[in-house]
Amino acid sequence: MQDAMQPVQQATLSTAGWVTMVLSLVLVWGGTFWCFKKVLETPAEEKAPPGYGA
Amino acid sequence: MAEHKEEWGSKLGVILAVAGSAVGLGNFLRFPGQAAQNGGGAFLIPYFCALFLLGIPIGWAEWAMGRYGGKKGLHSAPTIMGTIGKGSVARYLGIIGVLIPLGVSTYYMFIETWTFGYFLKYLTGGIGIDPSAPIEAQTAVANAFYDKFTGAGADGSLFSGEGLNTLITWVVVFGINIWFVFRGLSKGIEKFVSWAMPVMAICALVVLIRVLTLGTPDPAHPDQNVLAGLGYMWNPNYEKLGDFKTWLAAASQIFFSLSVGFGVIINYASYMKKSDDVALSGLTASATNELFEVGFGGMITLTAAVVFLGLSGTSVAVGGGTFKLGFATLPVVFAHMGAFGNIMGALWFLVLWLAAITSSLSMYQPAVAHLKEATNWTHGKATSVIAGIGTLGALLTLWYSAGGTFLNTMDFWVGTYLIFLLAMAQIIYFAWVFGIDRGWKELHNGAAIQIPGFVKIVMKYIAPAYLLIVFIGFNLQSFAGELKNATASVGARVGLLTILALIVYLVVVTRVGERRLRAAGVDLDDTTPAND
């Protein structure tokens, strides 16, 4: 830890803090669920549709 | 080419293995500390920029390169990089992809030993902190235990007296690791991570729920509550975004957390089938890492610390560094959780141990694959040699325990500096030598998702430039100081010599392998593209 501590020392979670936290959590939880759902739904031998990677 | 053909048992297996390799102590301990120090919630802006412009694109390149090498029967970073980069320079740069995991394993298993040792301690009653004593006395007990268990007092202290407890714990941890590596990719590593990752997620979820329901445990300190803890971590300080160091810290965190440029992904992907998806697999492994880092690490560690230690106590703990936060501060927090304290402590250190072992298991595999490929030895014989090398390195880490001089030297030069170099080499060779169009096609062969077209531009221009800027900033910030540290103590000098010895070993093995493979007619310079 190189820097001196410069946290935002408030004794509660601010509105901006709520927004940042909720957006970040939605992104990581939602992203992970979407990925695993897609992995589990995709048959093992499925090939890419024509045009992929073109 | 290795005689014994290894393969992943399932597509989920390789995803969990890569995710397990990426999820480590840094997700739970380093990330929250970095965020709190660099603008709280505002840190997430440069953090996610680095994720989408650096981490995921370079990761995709590594997955695609690894699978391409596997099509030619190649499994080590030197031979795969040589193929992608079409020549000896790339091949010998690829040595870094074996050096990093092997070098990091020498000290990572020592840290893993702490997590396992603390886990056992909490299963059997904790580390002796009296919650009714003044907070300074509790912190002193936690620090004393930490110093004793990690051998921080004196070099060689782990080889006698009470230090032997740590040594014995290391033997157990090392033995577990080697046993799984001996069993091979599918029966060992894949089987272990297939249950370890879900167990880790469940345990982390239990700890998270407990932390979020702590409320205001001490009525005498109403300001020490869960919302204050979350505020400490998430309240944004946008002024920090104007500081280059914040962007540097965010990029570094993403980079090291995802294990890109580490040498593991390229090796793991080489065992995939020719038309296995790598696009969705790479994205899923990255997403899983982010879930553990932001979803668990960002919610648990500092929140719990603020609830029991207050804002100022937590600030001091974070300023003390990652290890002190995890192994000296959080035990004080658990001591305040009453009857559940030891259970929470055990669960927490089980999470850390699983995070550590799923990473350490991946560290020997690239070196084992490299040796097998070069010599055509059996898996058991190659694993034995690598385990021997790992033991020598680990014994040096254990011996030079005071101040972590050996550990810090290896961590900076191998576990940090070389990762930048390897990632830069990989993305440049992939996008500019192998060719971005060919690489893009390779990445989409068998893909379960279509990657947006702009990522092509990111891979060719933005990621290398971004990485270069971060690397220059990193050098300006750390290089001179670390160079001075590298010769300041015996442990650090031994660390440098160890790195040199490993480089010599890897060059020799790569040379032997090159001769053997060429004699066998293997196309090491990619004169003929691999078949899909």
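In helix α11 of chain B the buried residues, meaning those with 20 or more other C-beta atoms within 10 Å of their own, where 12 or fewer would make a residue exposed and a count in between partly exposed, with C-beta atoms placed from the backbone, are Thr246(B), Trp247(B), Leu248(B), Ala249(B), Ala250(B), Ala251(B), Ser252(B), Gln253(B), Ile254(B), Phe255(B), Phe256(B) and Ser257(B). This is a predicted model, in which local features need pLDDT of at least 70 and side-chain atom pairs count only at pLDDT 80 or more, while totals for chains, interfaces and linings use all residues. Residues are numbered from 1 along each chain as its sequence is written, and chains are lettered from A and ligands numbered from 1 in the order in which they are written.

Because 12 of its 14 residues are buried, α11(B) is largely enclosed by the rest of the structure. The helix covers residues 244-257 and reaches 20 Å from its first C-alpha to its last, close to the expected 20 Å, a span calculated as 1.5 Å times one less than the number of residues. Its buried residues are covered by elements of chain B that include α1, α2, α3 (44-71), α13, α17 (405-433) and α19 (454-485), where contact means that two C-beta atoms, placed from the backbone, lie within 7 Å. After α11(B) comes Ser259(B), with a positive phi near 65°.

A second helix of chain B, α14 (residues 322-335), has 14 residues and a reach of 20 Å between its first and last C-alpha, close to the 20 Å expected. Here 12 of the 14 residues are buried, so α14(B) is largely enclosed by the rest of the structure. α14(B) bends by about 35° at Thr329(B), with a proline, Pro331(B), following within four residues; the bend is the angle between axes fitted to the seven residues ending at a position and the seven starting there. The cover over its buried residues includes α2, α6 (96-123), α7 (135-150), α13 and α15 (341-375) of chain B.

Taken as a whole, chain B has 20 helices and 0 strands, these being DSSP runs numbered from the N terminus, of H or I with at least four residues for helices and of E with at least two for strands. Of its 532 residues, 61% count as buried, and its C-alpha trace spans about 75 × 50 × 45 Å along the principal axes. Among contacts in chain B with a separation of 6 or more, 84% are between residues 24 or more positions apart.

The largest nonpolar core has 193 residues, and those with the most contacts inside it are Leu54(B), Leu99(B) and Val351(B); such a core is a set of buried Ala, Val, Leu, Ile, Met, Phe, Trp, Tyr and Cys residues joined through C-beta atoms within 7 Å. Leaving aside residues up to four places away in sequence, Leu99(B) touches Val414(B), Leu418(B), Leu502(B), Ile503(B) and Leu506(B).

Two further residues deserve a look for their backbone. Asn376(B), a residue other than glycine, has a positive phi near 65° and lies in the loop between α15 and α16 (379-399) of chain B; with 16 other C-beta atoms within 10 Å, Asn376(B) is partly exposed. Asp526(B), also other than glycine, has a positive phi near 55° and is found in the segment after α20 (490-519) of chain B.

Finally, the contact between the chains takes 46 residues from chain B and 33 residues from chain A. The largest share of the side of chain B that touches chain A, 13 residues, comes from α13(B).
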